[in-house]
Amino acid sequence: MNKIDLTKRGLPADAPPAEVYKKLFQPQFTKILKQHSVPHKEWQELFYDVYNYMLWYEDGVQNLSVIMFEQLNRNTVETVTAAREAIVLEQDDELFLRKYVATWTEYFIISQHAHLPFLSVDNGLLEIKEYADAAKADDIHPIRRMLMTVWNEVVLTPIASRLLQITAKMLVLERDQGLTFGNLITGVRDSFYHVTPQRDFFVQHYESVYISTLEQYYTKATADQFANGSVIDYARWAEITFRDEQIRAKKYLVPSVKFTDPMKRMNERLVEIVLKETRILDALTCTAFQVC
């Protein structure tokens with residue numbers, strides 16, 4: 001494999017790595033990030049050029065990998081910032097959510113293959129302890145993790161509050177009116193789940209709002225049901241409620257079959273609100289045995 005002749009690519013023979021990246025690699029990587037079509041030939045050339053450049057670099061593959069990673073990160077931040085600005089232009093809540101979910105979904109799909117032409121950069125980074133340790137911890141290679149981190153820091157975190165407020169309203173509308181917002185709610189959920197391997201982030205943001213919304217809704221609903229119907233009517237309503245919320249949680253709360261703790265916590269809280277805090281079991285005993 002011959003060394004890339006930079007002079008034939010419009011660069012000085014001793015061009016620094018950042019300049020080489022900007023000239024040879026940035027245009028195609030930006031196309032990928034923006035979901036533009038990249039012909040198969042260009043994809044192959046990008047893979048070949050990155051590999052060749054890394055192979056022949058004379059000042060250490062680890063140093064070059066760090067420089068290339070920094071350039072990829074900068075490139076990603078610029079592109080994703082533009083995507084965020086397009087999302088926040090939407091004033092209508094549902095349109096805002098639709099824009100976010102559509103953009104996130106496309107980006108997530110892209111993140112699964114955008115790093116592939118830069119595998120030689122990933123491999124160079126994995127020779128560095130801090131990157132190797134992180135990859136062992138979550139089985140995600142550095143560039144793909146960077147793509148998720150940038151989305152989290154540039155897009156998700158700045159607009160998380162509005163996303164979660166809209167999602168909470170949609171959950172209430174579904175419970176009250178039977179409206180369904182399927183892919184919109186699951187899209188928000190999945191973005192909170194996938195942007196970081198640290199599950200605390202998902203729990204502290206998405207799950208906490210989901211359960212808080214459930215608490216507020218059923219604290220009022222149980223009081224209304226208990227005040228306006230018989231104990232038997234309440235028991236029937238509670239049975240339907242548990243069934244409905246199980247179905248809803250499987251759709252909207254549980255992001256993966258490998259991570260079912262949110263369902264357990266939701267069930268525990270719902271039991272507390274619907275059964276324990278209302279003392280419905282005591283009331284049923286009184287009714288059944290006429291001992292109160």
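Q: Why is S65 called buried?
A: Its relative accessible area is 0%. Buried means under 20% (exposed is over 50%, partly exposed is in between, all with a 1.4 Å probe and protein chains only), so S65 at 0% makes the cut.

Q: What kind of model is this, and how are the residues numbered?
A: It's a predicted model, where local features need pLDDT of at least 70 and side-chain atom pairs count only at pLDDT 80 or more, while totals for chains, interfaces and linings use all residues. Numbering starts from 1 along each chain as its sequence is written, and side-chain values use heavy atoms, with hydrogens and water left out.

Q: Where does S65 sit, and what does it touch?
A: S65 is in helix 3, residues 61-88. Helices here are DSSP runs (H or I, at least four residues; strands are E, at least two), numbered from the N terminus. Not counting residues up to four places away in sequence, S65 touches M54, S120, V121, G124 and L125. Contact means heavy atoms within 4.5 Å.

Q: How do you know whether I211 is buried or exposed?
A: Look at its relative accessibility: it's 11%, so I211 counts as buried. You'll find I211 in helix 9, residues 199-228. Setting aside residues up to four places away in sequence, I211 touches R265, M266 and R269.

Q: What makes R265 and E207 a salt bridge?
A: Their closest N and O atoms are 2.5 Å apart. A salt bridge needs a side-chain nitrogen of Lys or Arg within 4 Å of a carboxyl oxygen of Asp or Glu, so the R265 and E207 pair at 2.5 Å qualifies. This pair links distant parts of the chain, with R265 in helix 11 (residues 261-276) and E207 in helix 9, 58 residues apart.

Q: Why does R265 get one label for accessibility and E207 another?
A: R265 has 31% relative accessibility, so it counts as partly exposed. E207 has a relative accessible area of 2%, so it's buried.

Q: What other salt bridge is there in helix 11?
A: E272 pairs with R269, with the closest N and O atoms 2.8 Å apart. Both lie in helix 11, 3 residues apart, or about one turn of the helix. E272 counts as partly exposed because its relative accessibility is 31%.

Q: How do you know that R248 and E245 are about one helical turn apart?
A: They are 3 residues apart in helix 10, so about one helical turn separates them. Their side chains meet in a salt bridge at 2.5 Å, N to O. R248 is buried at 9% relative accessibility, and E245 is buried with a relative accessible area of 0%. The two also belong to a network of salt bridges linking E174, R175, E245, R248 and K251. In total, the structure holds 19 salt bridges.

Q: What makes a space a pocket, and how much space is in the second largest pocket?
A: On a 1 Å grid over the protein atoms alone, a pocket is an open set of points with protein on both sides within 12 Å along at least five of seven lines, while a cavity is a set where a 1.4 Å probe fits but cannot get out; lining residues have an atom within 4 Å of a point. The second largest pocket holds about 210 Å³. Volume is the space filled by probe spheres set on the points, which are joined across faces, edges and corners.

Q: Which residues lie nearest the centre of that second largest pocket?
A: Among its 15 lining residues, R175, Y218, D244, E245 and R248 lie nearest the centre. Helix 10 gives the most to this lining, with 8 residues.

Q: How does the lining of the largest pocket divide up?
A: That lining has 9 nonpolar, 1 polar and 5 charged residues. Ala, Val, Leu, Ile, Met, Phe, Trp, Tyr, Cys and Pro count as nonpolar, Asp, Glu, Lys and Arg as charged, and the others, Gly among them, as polar. The largest pocket has a volume of about 290 Å³. K3, L6, A13, Y53 and Y57 are the closest to its centre.

Q: What makes a set of residues a nonpolar core?
A: The members must be buried Ala, Val, Leu, Ile, Met, Phe, Trp, Tyr or Cys residues, joined through side-chain atoms within 4.5 Å. The largest such core has 81 residues, and W151 is one of those touching the most other members. Helix 7 gives the most to this core, with 16 residues.
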